[in-house]
Amino acid sequence: MMHKTVVRPARRQGVAAVVFVLLLAMFGAGCSSQSGSVYSTSQARVVHRVEYGTVTAVRQVQIQGEQSGLGVLGGAVVGGVLGSTMGASTGRTLAILGGSLAGAAAGAAGEQALKDKNGLELTVKMEDGSTVSIVQEADEYFAAGDRVRVLTAGDGSARVRH
C-alpha cells in the first residue's frame, strides 16, 4: 500500500505571507504627502503666487488619510487564507469566515494608521491685512511671530514656508 502525505497548510501560510507583504507594499505606495516641502509631479514646474505674512497661531491637528478599501479587502483575504488552515468541515468554514472578518477589521485599522499624519493649522496675517489658515504636515517647525511665505497654486492649494 502506498501512503500519500500532503503538506498543504505550510503552502497556505506561505501564500498568506506573500499576500500580506504585497498589501503592505501597496499601502506604502498609496500614501500621499501634504507636506510643505513635498511637491507632487503635477505641482512641479507650476507658477505659485508668493505672498508674505506673519504666523499668528499654530495648532497641532491630525490629517486623516482617505481609505482606499485595500486594507479591508487585503485583510479579509489574508484572514480567510489563514482561517482555511484550521479545523475541518463546518469548523473550517467558521474559521474562514471568522478569519476574514477579523482580517478585514485589522486591515482597515492598519490602512488608516499608515495614512494618518500629524499636521499643523497655521494662521497667517498677510501683508495686505487679510488672515489665512493653512493645514499641512508637521514636517517643519513654526511659531507665532515667524515671518513666512505663503505659496498658492492655481488650483487653490497653498503651503507655508520659511
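Biologist: Is Arg59 buried, partly exposed or exposed, and what is its relative accessible area?

Modeller: Bearing in mind that this is a predicted model, Arg59 has a relative accessible area of 47% and is therefore partly exposed, since the partly exposed class ends at 50%. For the chain as a whole, 31% of the 162 residues count as buried.

Biologist: Which residue forms a salt bridge with Arg59?

Modeller: The general idea is that side chains of opposite charge can pair when their charged atoms come close. In this structure the partner of Arg59 is Glu121, and the closest N and O atoms of the two are 3.1 Å apart. Because Glu121 belongs to strand S2 (residues 117-126) while Arg59 belongs to strand S1, the pair ties together parts that are 62 residues apart in sequence. Glu121 is itself partly exposed, with a relative accessible area of 22%.

Biologist: How many salt bridges does the count come to?

Modeller: The count comes to four salt bridges. Among them is the one between Glu51 and Arg49, whose closest N and O atoms are 2.8 Å apart, and here Glu51 is partly exposed at a relative accessible area of 23%. Another joins the side chains of Glu127 and Arg147, with an N to O distance of 2.3 Å. That pair links distant parts of the chain, given that Glu127 lies in the loop between S2 and S3 and Arg147 in strand S4, 20 residues apart. As for accessibility, Glu127 counts as exposed at 56%, whereas Arg147 counts as partly exposed at 46%.

Biologist: How should I read the strands themselves, and in what order do they stand in the sheet?

Modeller: It helps to begin with the chain, which has three helices and five strands, and whose elements run α-β-α-α-β-β-β-β from the N terminus on. The five strands form an open sheet in the order S3-S2-S1-S4-S5, with antiparallel pairing. Strand S3 (131-137) and strand S5 (158-161) stand at the edges with a single partner strand each, so one side of each is left without a neighbour in the sheet. From one strand to the next, the twist averages 40°.

Biologist: Over how many bridges do strand S1 and strand S4 pair?

Modeller: Strand S1 (residues 48-63) and strand S4 (residues 147-153) pair over seven bridges, in the antiparallel sense. To place one residue in this picture, Arg49 stands opposite Thr152 in S4, and Arg49 is also the salt-bridge partner of Glu51.

Biologist: Turning to strand S3, is Gln136 buried or exposed, and what does its side chain reach?

Modeller: Gln136, which is found in strand S3, has a relative accessible area of 2% and is therefore buried. The side chain of Gln136 reaches the backbone nitrogen of Val160 at a distance of 2.9 Å.

Biologist: How many aromatic pairs does a search of the whole structure find?

Modeller: A pair of aromatic rings is described by the distance of the centres and the angle of the planes. In this case there is no pair to describe, as a search of the whole structure finds zero aromatic pairs.

Biologist: Which charged residue, then, sits over the ring of Tyr39?

Modeller: The charged end of Arg159 sits over that ring, 3.7 Å from the centre of the Tyr39 ring.

Key: Residues numbered from 1 in each chain as written. Predicted model: local features only at pLDDT ≥ 70, side-chain atom pairs only at ≥ 80, totals over all residues. Heavy atoms only, no water. Phe/Tyr/Trp six-rings, centres within 6.5 Å; stacked < 30°, edge-to-face > 60°. Lys NZ or Arg CZ within 6 Å of the ring centre and 35° of its normal. Pairing = 2+ DSSP bridges. Helix = DSSP H or I, 4+ residues; strand = E, 2+ residues; numbered from the N terminus. Axes fitted to C-alpha atoms, helices over the stretch in contact; angles between N-to-C directions. Buried < 20%, exposed > 50% of the residue type's maximum accessible area, 1.4 Å probe, protein only. Polar contact = N/O pair within 3.5 Å; in protein donor to acceptor, adjacent residues only side chain to side chain.
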